[in-house]
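Biologist: Please take a close look at one part of this model, the largest pocket. What is its volume, and which residues lie nearest its centre?

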Amino acid sequence: MKPAMETAAEENPEQSQERKGCFECCIKCLGGVPYASLVATILCFSGVALFCGCGHVALAGTVAILEQHFSTNASDHALLSEVIQLMQYVIYGIASFFFLYGIILLAEGFYTTSAVKELHGEFKTTACGRCISGMFIFLTYVLGVAWLGVFGFSAVPVFMFYNIWSTCEVIKAPQTNGTAGVEQICVDVRQYGIIPWNAFPGKICGSALENICNTNEFYMSYHLFIVACAGAGATVIALIHFLMILSSNWAYLKDASKMQAYQEIKAKEEQELQEIQSRSKEQLNSYT
């Protein structure tokens, strides 16, 4: 007696072929996914999201710290407030642009993968497609260089907050000699150029500085700047990854176009050869 599964397969061969066709279709679809572009897109989105989100909140916390402790006069930090507000608007633009640009690069990865895998089918690579791929390479290179600058710039507030934090750790250290020694340990943010030299008080010392380090604004801003810097670094890595992918895809498209031209010439020569052979046979038949 045959097993039930074999009997069912024999009774429904069309259903079995349909399952096999669906499986082959799924494998074909998965084979056409540009996994390298997908990973780079996810990394780019994550890096930009961390940089923009954390950077926006950290800038707001920095303004609050300056207004409450280092520059009590609003006119002294008015320019800095305007610059930070402008940077927050720029962050909105960066987030929107890279969301769109990442989707475009992912779509270009799908296009290139299809162009290479369906070389022998009806799909044809065009000069316009190769030109667009070359344009993306140039634009991604420019954005990568720009984000290197953003990464370096985002490390500046991390350095400033680290100096303040390390000074607070010195104040908390047991080897600090008495209250007089603690009050001589100061941080002057005017030396960083973010507020003018006539800003009051500009410099915080001793226990007042330690209290600043214990506030939620300082703690959150410091760690958010670190995460924003890490996000900028991840974005740089993603753009380098995209640049390698685009260069490789462009080379594949160039080879594919040459292969298409070779196949067209070969097919034309074979057709001409067949026509010559058929004419020769007709002539021989006419003589006989």
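Modeller: Two residues are in contact when heavy atoms of theirs lie within 4.5 Å. The model is predicted, so local features need pLDDT of at least 70 and side-chain atom pairs pLDDT 80 or more, while totals for chains, interfaces and linings use all residues. Residues are numbered from 1 along each chain as its sequence is written, and side-chain values use heavy atoms, without hydrogens and water.

I start with the chain. The protein chain holds eight helices and two strands (DSSP runs, H or I of at least four residues and E of at least two, numbered from the N terminus). Read from the N terminus, six helices are followed by two strands and then by two further helices. Of its 288 residues, 34% count as buried (under 20% relative accessible area, 1.4 Å probe, protein chains only). Among the contacts with a separation of 6 or more, 81% join residues that are 24 or more positions apart.

Now the pocket itself. A pocket is an open set of 1 Å grid points with protein on both sides within 12 Å along at least five of seven lines; a cavity is a set where a 1.4 Å probe fits but cannot get out; lining residues have an atom within 4 Å of a point. The largest pocket has a volume of about 620 Å³. Its lining has 27 residues, and those nearest the centre of the pocket are Leu59, Met87, Phe153, Pro157 and Phe225. Four helices each supply at least two residues of this lining: H3 (35–70), H4 (78–117), H5 (127–172) and H8 (216–287). Helix H5 gives the most, with eight residues. By class, 24 of the lining residues are nonpolar, three are polar and none is charged (charged are Asp, Glu, Lys and Arg; nonpolar are Ala, Val, Leu, Ile, Met, Phe, Trp, Tyr, Cys and Pro; the others are polar).

The record adds something about the chain. An unreviewed UniProt entry places the feature "transmembrane region" at residues 38–66, 86–111, 132–156 and 224–246. In the model, residues 38–66 are 100% helix and 0% strand, and the C-alpha atoms at the ends of this span lie 42 Å apart. Residues 224–246 are likewise 100% helix and 0% strand, with 32 Å between the end C-alpha atoms.

One residue of helix H8 can be followed further. Leu239 is in this helix, and it counts as buried because its relative accessibility is 2%. Apart from neighbours within four places in sequence, Leu239 is in contact with Phe98, Thr140, Leu143, Gly144 and Trp147. Leu239 and Trp147 are 92 residues apart in sequence, yet their C-alpha atoms are 8.7 Å apart in space.

A cavity can be set beside the pocket. There is one cavity of 30 Å³ or more, and the largest cavity holds about 30 Å³ of space. The residues that line this cavity are Ala64, Ile65, Gln68, His69, Ile212, Thr215 and Glu217. Helix H3 gives the largest share of that lining, four residues. The cavity lining divides into three nonpolar, three polar and one charged residues.

Last, a residue in a strand. Asp188 lies in strand S1, residues 186–188, and is buried because its relative accessible area is 15%. Leaving out neighbours within four places in sequence, Asp188 is in contact with Trp197, Gly202 and Lys203. Asp188 and Lys203 are 15 residues apart along the chain, and their C-alpha atoms are separated by 4.2 Å.

Technical notes: Points joined across faces, edges and corners; volume = space filled by probe spheres on them. UniProt positions renumbered as here; feature names shortened; annotations may be inferred. Buried < 20%, exposed > 50% of the residue type's maximum accessible area, 1.4 Å probe, protein only.
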